[in-house]
Amino acid sequence: MLSTLTLSDIDENVAKFLGYEYANKYQALPIKLEQEHLWVAVVDPENSDLLAKLAHITGCFIMPVKARAEDINLYINQLLSADAISTIASQFLVDQQLGQRADIQSPELLAEISAAPAVRLIDSLIETSIISRASDIHVEPLSDSLRTRYRIDGHLRTHTHVDISLLPNVISRLKIMGGMDISEKRRPQDGRFTMGLRGEKIEFRISTLPTVFGEKAAIRLLYGQAGRLRKTELGFFSDDLANLTSLFNRPYGAIIMTGPTGSGKSTTLNSFLYELNHESKNIVTVEDPVENPIQGINHVNVERSAGINFAGALRHILRQDPDILMVGEIRDEETARIAIQAATTGHLVLSTLHTNDAAGVIERLVDMGIEPYLASSALGGVISQRLVRRICKNCVEAVAITNDYAKFLGIVENTMVYMGRGCNSCENTGYKGRVAVYEYIVIDDDMSRNISVHPYEFAAQIRESGHFKKNAVRHILAGNTTVDEVIKIL
């Protein structure tokens, strides 16, 4: 028996086990979990009906602990009220979808969608991911359990493992939230939903995929205006940022971003596009899909089912009197040719291309069939970037670089570099956020002549200059990232 319930008596992770809705309804707060025994603070530990309900909801043996009602209420509101935001918002979304769908009215399906453990798991995942600013959520069936993970700063972290029997309920609920076909289990599906959480409008894009153990779901989180980075927050050093700002303010030409999937290309382009957005400019983008719309800019979605691909959309956009065009990605010769021609006829064209480095852009365009003289006259600049994790500012400390790494990076031996020792702020990882390691080429007249005559030789010269590696070392010495993070991308 507890005379007074205090915060030190409560395992905060266990407190969330019951969820706000049930904790508030039954005036019961889980405080400790050992194997299958769950200690729960209640006002009346002799209430057998209540204990039976709690056992049914949690699937645990309930060990009741007497506590004052005011203490239980205090900690329910303090520890679980944030979860209530997610619960209320997701339930509203589900109710809204159910009201619009005549195919989901059987009691069995409704019970499956509204099963309490599935509701708690999904709400917990959404809330945890938003607090941690995760980019993705994964719901994955394994042979003996259902694993949930979320991606933070490019790295996947496990959220929880639960009983595999929850999989059908969880997937069905996600499908309803995303407006997908709940009866189709053998084919991949895509859906989306939007929720207003913590004062922020967040879009969730769901993809389901059948696997040998059942359907897997991956959810991409798009944070809208509040999640957009300004160009000063991307990690560009001030001198480089000034050069890039001048490049993006050119009246015409093509600026191409390159890097692997997930390297922040679109984020960087959108940050500069946000700065270029002005009522005197007609800006049009074509993307697959539009992820982060900007007020005042005309965004076009690629819709292959309607016959709208990048090249087709570009042809129509050029009849819309644009000043600035952004093409989500150059994937083929037709798109490349239209974009290059637009850049040489008075338009500023921004786009992305998948190559390993900045020099690879020139090689790829020529390989696609673009004549070197056209590429040279159109290109204004090329930027290549990759993302590394940023050292947590709350636990950063200096360490001496090892000799092998110093030699590889061209740093003087025993130079002091930085790492994060791990703290509560960064969940003991030593990292919080990400920063761009980059290289860029601003094409001048001499470079343009070289590209038009010897494109591959010019690309080789750029590659040999080692700008990317030098920038990575600069980030290390500035204390932005660690040697380990840089070694991964080099």
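A residue is taken as buried when its relative accessible area is under 20%, and in this predicted model that criterion is met within helix 18 (residues 467-477) by Phe468, Asn471, Ala472, Val473, His475 and Ile476. The elements that cover these buried residues of helix 18 include three helices, namely helix 9 (238-248), helix 15 (403-409) and helix 19 (483-489), together with strand 15 (379-391), strand 17 (416-420) and strand 18 (431-442). Just beyond the end of helix 18, Gly479 adopts a positive phi of about 80°. Arg474 lies over the face of Phe237, at 4.0 Å from the ring centre.

For the protein as a whole, 19 helices and 18 strands are found, and the C-alpha atoms fill a box of roughly 90 × 65 × 45 Å when this is taken along the principal axes. Of the 490 residues in the protein, 50% are buried. Where contacts between residues at least 6 apart in sequence are considered, 65% of them join residues at least 24 apart.

Aromatic side chains were examined next. A search of the whole structure returns five aromatic pairs, one of which is formed by Phe193 and Phe204, whose rings are stacked with 4.7 Å from centre to centre and 10° between the planes. This pair links distant parts of the chain, since Phe193 belongs to strand 7 (residues 189-197) and Phe204 to strand 8 (residues 200-211), the two residues being eleven apart. Both Phe193 and Phe204 are buried. A further stacked pair is made by Tyr438 and Tyr440, with 6.5 Å between the ring centres and 25° between the planes; Tyr438 and Tyr440 are likewise buried. These two tyrosines also belong to an aromatic cluster, in which they are joined by Phe236, Phe248 and Phe272. In addition to the contact of Arg474 with Phe237 described above, a second placement of a charged residue over a ring involves Lys32, which lies over the face of Trp39 at 4.3 Å from the ring centre.

The packing of two helices can be described by the angle and the distance between their axes. For helix 6 (residues 116-131) and helix 7 (residues 167-177), the axes come within 9 Å and cross at roughly 60°. Because an angle of this kind falls outside the parallel, antiparallel and perpendicular ranges, helix 6 and helix 7 are therefore oblique to each other, and the crossing in which helix 6 passes helix 7 is right-handed. The contact is made by Ala118, Val119, Leu121, Ile122 and Ile126 on the side of helix 6, which meet Asn169, Val170, Arg173, Leu174 and Met177 of helix 7.

Several loops carry backbone geometry that merits separate description. In the loop between strand 11 (283-287) and strand 12 (298-301), where Pro289 is found, a cis peptide bond with omega of about -5° joins Asp288 and Pro289. Positive phi values also occur in residues other than glycine: Gln27, for which phi is near 50°, lies in the loop between helix 2 (20-26) and strand 1 (28-34), whereas Asp321, with a positive phi of about 55°, is placed in the loop between helix 11 (310-317) and strand 13 (324-327). Exposure requires a relative accessible area over 50%, and Asp321 therefore counts as exposed, at 61% relative accessibility.

Technical notes. Residues numbered from 1 in each chain as written. Predicted model: local features only at pLDDT ≥ 70, side-chain atom pairs only at ≥ 80, totals over all residues. Heavy atoms only, no water. Phe/Tyr/Trp six-rings, centres within 6.5 Å; stacked < 30°, edge-to-face > 60°. Helix = DSSP H or I, 4+ residues; strand = E, 2+ residues; numbered from the N terminus. Buried < 20%, exposed > 50% of the residue type's maximum accessible area, 1.4 Å probe, protein only. Lys NZ or Arg CZ within 6 Å of the ring centre and 35° of its normal. Axes fitted to C-alpha atoms, helices over the stretch in contact; angles between N-to-C directions. Parallel < 35°, antiparallel > 145°, perpendicular 65-115°, else oblique. Left-handed = near helix turned anticlockwise from the far one by under 90°. Contact = heavy atoms within 4.5 Å.
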